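Colleague: Hey, got a minute to walk me through this one? I'm new to it.
Modeller: Sure, let me pull it up.

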Amino acid sequence: MAAELGIRRLVFADLPQVIEIERRSFPTPWSLAMFVLELSKVEAICLAAELNGSLVGYIICSRFDQLWHIMNVSVDPELRRRGFGSALIEEVFSNVGADAKLTLEVRPSNTGAIQLYQQLGFLGAGHRKRYYQDNGEDALIMWRTPATLRGTLDDVPAAPTLPLASS
Ligand SMILES: CC(C)(COP(=O)(O)OP(=O)(O)OC[C@H]1O[C@@H](n2cnc3c(N)ncnc32)[C@H](O)[C@@H]1OP(=O)(O)O)[C@@H](O)C(=O)NCCC(=O)NCCS
């Protein structure tokens, strides 16, 4: 039987599986309370990727005024490089509409995730100093906007003066 991927809304009942993947994915995993908070926000887009009925990944995207912030995305470590991460992010794009502006932070050392984001139209636009508390690593700030899809940062809010990350 062919494996079947579905993307659906993430619900509170998914949180035990989410926490299990989260703890295997990040050095400083989100707590249960952080997921509960995001799931409680009316405007947040919280999605699950399901393979043959099992949760294999999730994404949390919050709205801040006119901007969308991808706060968390993760796929089961055993099931990466099969398109699930891309499918989750692309579903967020469908939800927010073509003119939406999306942003996220990523560790510069997370080259796989950066490559994925670049393929989906995100561009690097500066850094947040010592953003990650576990090792003091800076965060690379990335944006996906109508302008980044044309290869510029013209419509990125408060475009930082910091040098752009090399792609
Ligand atoms: C980042 C993450 C969500 C990607 O999920 P995924 O399901 O493996 O991603 P996809 O299969 O959709 O990847 C699509 C493309 O992105 C690029 N990519 C993704 N992961 C990559 C990696 N580790 N190394 C190099 N390229 C990578 C590749 O071009 C890939 O296409 P390919 O497999 O045909 O070469 C997953 O690696 C993960 O959960 N990482 C831990 C949590 C994390 O770092 N989240 C992001 C925090 S900002």
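Colleague: At what angle do the axes of α1 and α2 cross?
Modeller: Roughly 125°, and the two axes come within 10 Å. Helix α1 covers residues 15-25, and helix α2 covers residues 32-40. Keep in mind that this is a predicted model.

Colleague: What does that make α1 relative to α2?
Modeller: Oblique, because an angle of that kind falls outside the parallel, antiparallel and perpendicular ranges.

Colleague: Is the crossing left-handed or right-handed?
Modeller: The crossing of α1 and α2 is right-handed.

Colleague: Which residues meet there?
Modeller: From α1 you have L15, V18, I19 and E22, and from α2 there are L32, F35, V36 and L39. By class, that contact has 7 nonpolar residues, 1 charged and no polar ones.

Colleague: OK, switching to the ligand. How many residues are around it?
Modeller: There are 20, and R81, G83, S86, N110 and Q119 come nearest.

Colleague: What about V73, which ligand atom is it next to?
Modeller: A nitrogen atom, which sits 2.9 Å from a backbone N or O atom of V73.

Colleague: And where do the ligand's oxygens come in?
Modeller: A polar backbone atom of V75 is 2.8 Å from an oxygen atom of the ligand. For Q115, an N or O atom in the side chain lies 3.3 Å from a ligand oxygen atom.

Methods: Residues numbered from 1 in each chain as written. Predicted model: local features only at pLDDT ≥ 70, side-chain atom pairs only at ≥ 80, totals over all residues. Heavy atoms only, no water. Axes fitted to C-alpha atoms, helices over the stretch in contact; angles between N-to-C directions. Helix = DSSP H or I, 4+ residues; strand = E, 2+ residues; numbered from the N terminus. Parallel < 35°, antiparallel > 145°, perpendicular 65-115°, else oblique. Left-handed = near helix turned anticlockwise from the far one by under 90°. Contact = heavy atoms within 4.5 Å. Nonpolar A, V, L, I, M, F, W, Y, C, P; charged D, E, K, R; others polar. Near = heavy atom within 4 Å. Polar contact = N/O pair within 3.5 Å; in protein donor to acceptor, adjacent residues only side chain to side chain.
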